Amino acid sequence: MKIAKVEAFPIWVGRRNQLLVKVTGVDGTYGWGESGLATRERAVMGAIDHYREILVGREAFDIGAIWQLLYRSQYFEGGRVFAAAISAVDIALHDLKGKALGLPVWQLLGGKQRNFVESFASVGTPDDDELIEQLATLAGEGFSCLRVAISQRAPLARNADDAADVFEPRLSIARNVPMLIRARERLGHAVSFGIDYHHELSLAEAASFCQKLPRGTLDFLEEPIRDETPEAYAQLRRLTEIPFAIGEEFASKWQALPYLQQGLTEFMRLDICNIGGFTEAMKVAALAEAHYVDLMPHNPLGPICVASSVHLCAAVPNFAWMEYNFNRFRPEPEINAELFPKHIRLDGPVFPVPDGPGLGIEVNEELLRQETFRYAETPKLRRRDGSHTNW
Ligand SMILES: [Mg+2]
């Protein structure tokens with residue numbers, strides 16, 4: 001089936017935008033994809049504009065060839081903007097192909113290897129006692145893996161008289177270490193337990209954080225430092241034995257490769273909406289499998305990202321837990337059910353693997369076309385001396 005139309009929809013969903021991509025075939029069959037480059041949706045839309053010229057008239061089922069064509073179509077290969085655009089197109093093509101053949105997407109990936117996909121739960125609140133209570137509640141509800149999200153604990157990373165955007169890493173470490181020790185004591189060792197430090201530390205700060213924790217406190221440490229330099233993680237590895245969970249910002253198999261080959265991550269945190277869609281995610285999964293590393297996918301976006309991640313996790317042999325961007329102790333609604341009348345729902349701590357054709361999601365296009373993009377930025381944190389630091 002030839003591709004007739006490629007459309008990009010940036011939509012404000014409250015707090016952030018989502019960039020949805022729809023690919024329609026000549027017979028009217030369509031598929032939905034989502035791009036993961038949050039807060040830079042306009043840049044990805046520009047890439048989609050270029051790719052539309054290449055895609056219309058192509059055979060929609062030739063997904064692997066289309067991936068190669070898009071990736072290698074410009075002289076300057078790679079980069080996060082293009083990878084996020086390719087991801088959305090690749091996911092939409094899988095949805096379209098599944099619908100056209102009457103098969104769930106996992107059937108296009110070799111069939112399913114598990115009956116449900118287990119998620120991990122994230123919590124983050126400034127108050128230590130409240131946080132530990134929330135962790136214990138979730139463990140009681142059956143979550144076998146729990147994570148503290150540092151970005152949601154931001155007010156504890158500074159003194160009360162500091163401005164709202166001030167982040168002091170050493171103060172954050174001093175306050176998080178005793179909380180984590182207490183949380184582990186409360187949870188016991190039947191639950192896997194980790195923290196996402198949201199790449200907010202320097203190498204020395206990350207080493208200090210790790211060395212202040214008793215052995216066995218954490219089952220994983222997610223992104224203590226940024227990931228541009230694998231050698232920095234190699235140095236951090238020499239300074240701690242805590243397993244790492246890295247990879248949510250990777251935009252290709254080539255970025256994942258040194259982390260796997262050099263033993264720099266024990267969990268592969270790939271993001272299907274950024275790494276290059278199903279086509280690239282399956283290859284990274286295979287590279288991880290060869291290094292006895294399980295996937296722990298990043299899944300911070302909307303229902304299309306959720307559904308894509310579920311299909312991916314169902315179809316790979318090496319899987320630990322899947323992220324789900326929902327904190328049930330916060331008041332925000334889980335999903336805009338009006339905009340996404342059909343989506344995959346969490347059932348306790350697990351996602352059931354859907355059996356219907358395609359991804360198993362539907363979008364209310366009337367609503368989609370009414371809502372518009374709004375410019376939105378991530379928090380811009382600074383140190384007390386005024387210098388810029390990571391969020
Ligand atoms: Mg993270």
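Which residue in the hairpin of β1 and β2 takes a positive phi? I shall answer that in a moment. Please keep in mind throughout that the model before us is predicted.

The residue is glycine 14, with a positive phi near 90°. The hairpin to which glycine 14 belongs has four residues between its strands. Let us look at those two strands. Strand β1 covers residues 3-12, and nine bridges join β1 to β2. The two strands run antiparallel. Two pairs of residues may help you to follow the ladder on the screen. Valine 6 stands opposite valine 23 in β2, and tryptophan 12 has asparagine 17 of β2 as its bridge partner.

Now let us add the third strand. The sheet is open, its order is β1-β2-β3, and the pairing is antiparallel. Which strands stand at the edges? They are β1 and β3; each has a single partner strand, so one side of each is left without a neighbour in the sheet. On average, neighbouring strands of this sheet are turned by 20° against each other, if direction is ignored.

A helix packs on this sheet. Helix α1, made of residues 41-55, touches β1, β2 and β3. The direction of α1 makes about 175° with that of β1.

Helix α1 also meets another helix, α3. The axes of α1 and α3 come within 9 Å and cross at roughly 60°. An angle of that kind is neither under 35 degrees nor within 65 to 115, and α1 and α3 are therefore oblique to each other. Their crossing is right-handed. From α1, the residues that take part are Ala43, Val44, Ala47, Ile48, Tyr51 and Leu55. From α3, they meet Val81, Phe82, Ala84, Ala85 and Val89. What classes of residue make up this contact? There are eleven nonpolar residues, with no polar and no charged ones.

I turn next to the division of the protein into domains. Domain 1 spans 3-104, and domain 2 spans 107-357. Taken over C-alpha atoms, the centres of the two domains are separated by 26 Å. Across the boundary, 29 residues of domain 1 are in contact with 24 residues of domain 2. On the side of domain 1 that touches domain 2, the elements that give two or more residues are β2 (17-25), β3 (30-35), α2 (63-72) and α3 (80-101). Which element gives the largest share of that side? It is α3, with twelve residues. By class, the side of domain 1 that touches domain 2 has 13 nonpolar, eleven polar and five charged residues. Helix α3 thus appears twice in this account: it meets α1, and it contributes to the side that touches domain 2.

Finally, let us consider a pair of helices further along the chain. Helix α7 comprises residues 203-212, and helix α8 comprises residues 230-239. Their axes come within 10 Å and cross at roughly 25°. Angles under 35 degrees count as roughly parallel, and α7 and α8 are therefore roughly parallel to each other. The crossing of α7 and α8 is right-handed. Leu203, Ala206, Ala207 and Cys210 in α7 meet Ala232, Gln235, Leu236 and Leu239 in α8. The residues of this contact comprise seven nonpolar, one polar and no charged.

Thank you for your attention.

Methods. Residues are numbered from 1 along each chain as its sequence is written. This is a predicted model: local features need pLDDT of at least 70, side-chain atom pairs count only at pLDDT 80 or more; totals for chains, interfaces and linings use all residues. Axes are lines fitted to C-alpha atoms, for helices over the stretch in contact, and angles run from 0 to 180 degrees between N-to-C directions. Angles under 35 degrees count as roughly parallel, over 145 as roughly antiparallel, 65 to 115 as roughly perpendicular and the rest as oblique. A crossing is left-handed if the near helix is turned anticlockwise from the far one by less than a right angle, and right-handed if clockwise. Two residues are in contact if their C-beta atoms, placed from the backbone, lie within 7 Å. Ala, Val, Leu, Ile, Met, Phe, Trp, Tyr, Cys and Pro count as nonpolar, Asp, Glu, Lys and Arg as charged, and the others, Gly among them, as polar. Domain bounds come from an automatic or database domain assignment. Two strands pair if DSSP finds at least two bridges between them.
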